[in-house]
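This report is meant to be read beside the structure. It begins with one helix and ends with the chain as a whole.

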Amino acid sequence: MMNTEQKLEKPILTEDVIFRKTDESPKQEEWNWVDSRQVQDEDVLARPANYYEATLSPWKTFPALEHDCECDVVVVGGGLLGASTALHLSESGVETILLEKNKVGSAASGRNGGQLTPGLARWEAESIIENFDYDEACRLWKFTSIESFDLIQEITERYALDLDMRRGHLTAAIHPGHINALTVGADARRYLGDDSVRILGPYEIRDHINSELYYGGALDKIGGQIHSLGLTRGLIYGFVKNGGHVYEDSEVLKIETVSEGVSIETAQGKILAKKGVVLAVHQMTFQLLSDVNSTIPFYTYVGVTNPVEGGSKTLLPTQMAVYDTQLQIDYYRPVRKERILFGGQGTGMRWNSDKVVDYLMSRIKTVFPQRDNVHLELAWSGTTDLTLNGAVDCRKLGEKAPIYAVHGWSGHGIAQTVRIGKAIRDDFLKLNDDFEMLASIEHRSILMGRQLAPVAIPLAKSLLGLGNKITPGKMISF
């Protein structure tokens with residue numbers, strides 16, 4: 001039993017970046033970069049906070065687990081999935097402990113582009129139609145679109161969170177032939193009962209993006225953007241407010257099913273989860289479930305610019321988040337103090353900061369060549385994973401004290417991650433079969449996927465790139 005109450009202040013966004021040292025553990029494999037012209041402190045230069053951390057008020061750190069205890073459910077992982085599952089369990093009175101090996105939100109959930117788009121990882125409406133009958137396809141699309149976005153809105157209102165959430169998202173076509181693919185995608189969504197997408201022509205797209213690079217696009221009314229680390233911390237705030245307990249710097253070393261439930265072992269403590277476990281560790285699932293090898297990891301990169309002269313509306317007049325249709329997509333959106341958050345690339349080996357800054361700046365100059373006074377002040381790396389079929393891999397192992405695992409997000413799915421956290425709670429309490437629907441999607445194992453990633457990902461991108469040159473009007477994005 002847990003007999004000590006934890007307390008936590010809600011996350012508060014600052015007006016602008018505060019260049020400071022990160023609170024992440026030195027063991028963190030990812031890197032953060034800051035422009036040395038902005039910082040004189042050597043400690044900050046060596047270990048800077050990324051944009052999300054640097055625009056949030058100081059955050060409480062939680063203790064490491066240093067004792068043995070028991071509870072109903074243990075959630076492993078303090079990102080969006082773990083935080084959402086823990087929050088929803090706590091709202092239903094389920095005694096829950098959350099363990100995080102580093103700091104809350106220090107992995108992909110606090111290192112992404114902050115874009116809210118519908119779908120299940122790389123499965124958009126067309127893929128869902130191909131893999132489910134009509135009624136189930138409608139149900140799954142609703143789950144991964146309006147239900148996911150509305151759930152985040154409900155949580156922000158319930159716990160009075162300010163997360164810079166904004167509706168409206170653009171997919172910008174870099175080839176005239178891509179308009180046809182976007183039109184087919186919009187048609188598939190209408191077939192499933194979703195009429196929120198409107199196709200834009202080459203002139204109308206410029207009402208939203210001040211760039212001559214695009215031939216049109218798709219405007220999605222229900223998509224949008226959010227401060228993803230603020231969301232993660234907000235979910236944890238609600239969880240703790242409801243009586244939940246969090247332990248950071250508490251890497252799980254071993255999981256073992258025992259007669260009383262599931263035993264969870266860390267370096268300094270052990271927990272008996274009497275009713276179940278949730279593995280919300282994404283690409284690291286294989287470390288705890290050795291027979292789960294359905295994903296390949298890859299690395300992502302994001303940066304934030306200096307305040308744009310004249311304001312970010314001079315580049316993004318309607319302030320919507322954007323991603324494009326090239327093979328290696330660019331994605332960008334306006335953030336606080338007239339800055340632009342800009343991301344791109346997905347690599348099999350982690351690039352260093354110099355290479356990433358050069359790459360992102362080359363893309364910014366390509367999209368907005370008229371602005372030679374825009375430069376990056378912050379950049380960071382992230383890690384995600386992908387499945388062979390492109391959908392998220394959701395699993396439930398055992399019945400008496402089940403172990404849930406979700407991974408393979410392909411760099412997409414902030415809103416859906418939160419929604420799946422609720423679905424896990426619902427399945428645990430036998431409220432509906434939403435998680436069963438997700439778990440019905442079959443996935444193939446990838447033999448030596450992690451070892452082959454440094455070779456397999458660039459090879460796949462090269463082959464896709466060759467196909468793109470042969471048929472440039474065919475829309476293929478990585």
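Helix α3 covers residues 80–91, and its length can be checked against a simple rule: at 1.5 Å a residue its twelve residues should span 16 Å, and the end C-alpha atoms are 16 Å apart, which agrees. The model is a predicted one. α3 is mostly covered, with eleven of its twelve residues buried. The buried residues are L80, L81, G82, A83, S84, T85, A86, L87, H88, L89 and S90. Just after this helix comes G93, with a positive phi of about 80°.

Helix α7, made up of residues 178–191, can be treated in the same manner. Its 14 residues should span 20 Å at 1.5 Å a residue, and the distance between its end C-alpha atoms is 20 Å, in agreement with the rule. Buried in α7 are H178, I179, L182, G185, A186, A188 and R189. An α-helix has 3.6 residues a turn, so residues three or four places apart point the same way. The partners of the buried residues of α7 are the helices α4 (125–131) and α5 (134–144), together with the strands β5 (166–172), β6 (197–200) and β7 (217–225). α7 is followed by G193, whose phi is positive, near 90°.

The two helices with a length check are set out below.

| Helix | Residues | Expected span | Distance between end C-alpha atoms |
|---|---|---|---|
| α3 | 80–91 | 16 Å | 16 Å |
| α7 | 178–191 | 20 Å | 20 Å |

Helix α5, one of the elements against which α7 packs, has its own buried residues: A137, C138, L140, W141, F143 and T144. Their cover includes α4, α6 (146–158), α7, α11 (414–428) and α12 (434–439).

Two single residues can be followed in more detail. One is T266, which belongs to strand β10 (residues 261–266). Is T266 buried or exposed? Its relative accessible area is 5%, and buried means under 20%, so T266 is buried. Apart from residues up to four places away in sequence, T266 touches L65, L99, S250, E251, V252 and L253.

The other is G114, found in the loop between β3 (96–99) and β4 (115–116). With a relative accessible area of 0%, G114 is buried. Which residues does G114 contact, leaving aside its neighbours within four places in sequence? They are Y52, G224, Q225, I226, R333 and I414. G114 and A415 are 301 residues apart in sequence, while their C-alpha atoms are 9.9 Å apart in space.

The remaining values describe the whole protein chain. Its secondary structure comes to 13 helices and 18 strands. A compact globule of 478 residues would have a radius of gyration near 23 Å, and the 22 Å of the protein chain agrees with this. The C-alpha trace spans about 65 × 60 × 45 Å along its principal axes.

Of the 478 residues, 61% count as buried. Among contacts with a separation of 6 or more, 77% are between residues 24 or more positions apart. The accessible surface of the protein chain is about 19600 Å², and carbon and sulfur atoms account for 50% of it. The protein chain has 50 positive and 63 negative charges, and the mean positions of the two sets are 1 Å apart.

Technical notes:
Residues are numbered from 1 along each chain as its sequence is written. This is a predicted model: local features need pLDDT of at least 70, side-chain atom pairs count only at pLDDT 80 or more; totals for chains, interfaces and linings use all residues. Side-chain values use heavy atoms; hydrogens and water are left out. Helices (H or I, at least four residues) and strands (E, at least two) are DSSP runs, numbered from the N terminus. The radius of gyration is taken over C-alpha atoms; the globule rule is 2.2 Å times the number of residues to the power 0.38. Buried means under 20% relative accessible area, exposed over 50%, partly exposed in between (1.4 Å probe, protein chains only). Contact means heavy atoms within 4.5 Å. Accessible areas come from the Shrake-Rupley method with a 1.4 Å probe; for residues, only the protein chains shown count as cover. Lys and Arg count as positive and Asp and Glu as negative; His and the chain ends are not counted. The place of a charge is taken as NZ of Lys, CZ of Arg, CG of Asp or CD of Glu. The expected span of a helix is 1.5 Å times one less than its number of residues.
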